Amino acid sequence: MNIILLGAPGAGKGTQAAKLVAEYDIAHISTGDILRAAVKAQTPLGIEAQSFMDKGELVPDSVVIGLVRERLQEKDTARGFILDGFPRTTTQAVALASVLNELGRNIDAVVAVDVDPEVIVARLNTRRLCRMCGHIGSASDTSCQVCNGEMYQRDDDKPETVRNRLEVYAKQTAPLIDYYRGADLLIEVDGEQPVEQVFAEISKALK
Ligand code: AP5
Ligand code: MG
């Protein structure tokens, strides 16, 4: 099963990706996670990406397309994959189609998780992540519920950066919903339901 997860910042892509990975035993490819790891390690990629991420802007297409192209050739994607946060522009979507064509693979479904921007601002204000295992939690967690690691807030979850990320999403990424509807791949889910209900709706649609 090869899936794309589309949705605004904070829509719940990472939360649903973790559940889908467990259910289908497929690879989780989050461009945001890959870029954050590169920033942390201060690799050339991380140094280039950091200035864009800090402002809530998109990292240039050529950079992100290159890293997804490489990631899709790793062995663990053979059983299937979830692309979380990629593609985010029409250029990325067209490049993905071409990479998949070269690799003789295809996308089975594009899941678009829909959440109102006001709900998102509140969610991201209280989101916390585990430094050790990446578990997504909230401000009420004093430590990670999975591994007891320390929880932290992402730099780009400050309210002014979140507002810019939402604008960037509306302008550059939301048009992909129509793009994939046109390709007859789109599954739309209401992301304001409880996590388990969103997951149940996605699972049912994927069957
Ligand atoms: P990225 O890491 O992809 O961030 P994002 O798209 O902004 O999305 P988030 O990770 O913030 O949210 P999410 O949808 O995963 O929500 P989550 O499950 O955590 O990208 C970061 C940056 O990297 C970009 O701004 C850009 O600079 C760069 N980048 C990445 N990919 C790129 C690309 N392809 N091209 C160019 N640049 C790129 O949930 C959020 C919160 O809500 C959590 O607290 C969670 O517990 C809670 N929650 C989740 N579901 C529910 C629910 N159903 N009900 C109640 N609460 C819920
Ligand atoms: Mg995420």
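Trainee: What is the order of the strands in the open sheet of 5 strands?

Mentor: The model is a predicted one. Its open sheet has parallel pairing. The order of the strands is E2-E3-E1-E4-E8.

Trainee: Which strands stand at the edges?

Mentor: An edge strand has a single partner strand, so one side of it is left without a neighbour in the sheet. That holds for the strand at 27-30 and for the strand at 186-190. From one strand to the next, the twist averages 20°. The edge strands are E2 and E8.

Trainee: Which residue stands opposite Ala27?

Mentor: E2 pairs with strand E3, residues 81-84, in the parallel sense over 4 bridges. Opposite Ala27, in E3, stands Phe81.

Trainee: What angle does the direction of helix H2 make with that of E2?

Mentor: Helix H2 covers residues 31-41 and packs on the sheet, where it touches E2 and E3. Its direction and that of E2 make an angle of about 65°.

Trainee: Which strands does helix H9 touch?

Mentor: Helix H9, residues 195-206, packs on the sheet. Its direction makes about 160° with that of E8. The strands touched are E1, E4 and E8.

Trainee: How many disulfides does a search of the whole structure find?

Mentor: A disulfide needs two cysteine sulfur atoms within 2.5 Å. For Cys130, the nearest cysteine sulfur is that of Cys147, 3.6 Å away. For Cys144, the nearest is that of Cys133, 3.7 Å away. The number of disulfides found is 0.

Trainee: Is Cys144 buried or exposed?

Mentor: The cut-off for buried is under 20% relative accessible area. Cys144 has a relative accessible area of 4%. Cys144 is therefore buried.

Definitions and conventions: Residues numbered from 1 in each chain as written. Chains lettered and ligands numbered in written order. Predicted model: local features only at pLDDT ≥ 70, side-chain atom pairs only at ≥ 80, totals over all residues. Heavy atoms only, no water. Pairing = 2+ DSSP bridges. Helix = DSSP H or I, 4+ residues; strand = E, 2+ residues; numbered from the N terminus. Axes fitted to C-alpha atoms, helices over the stretch in contact; angles between N-to-C directions. Contact = heavy atoms within 4.5 Å. Buried < 20%, exposed > 50% of the residue type's maximum accessible area, 1.4 Å probe, protein only.
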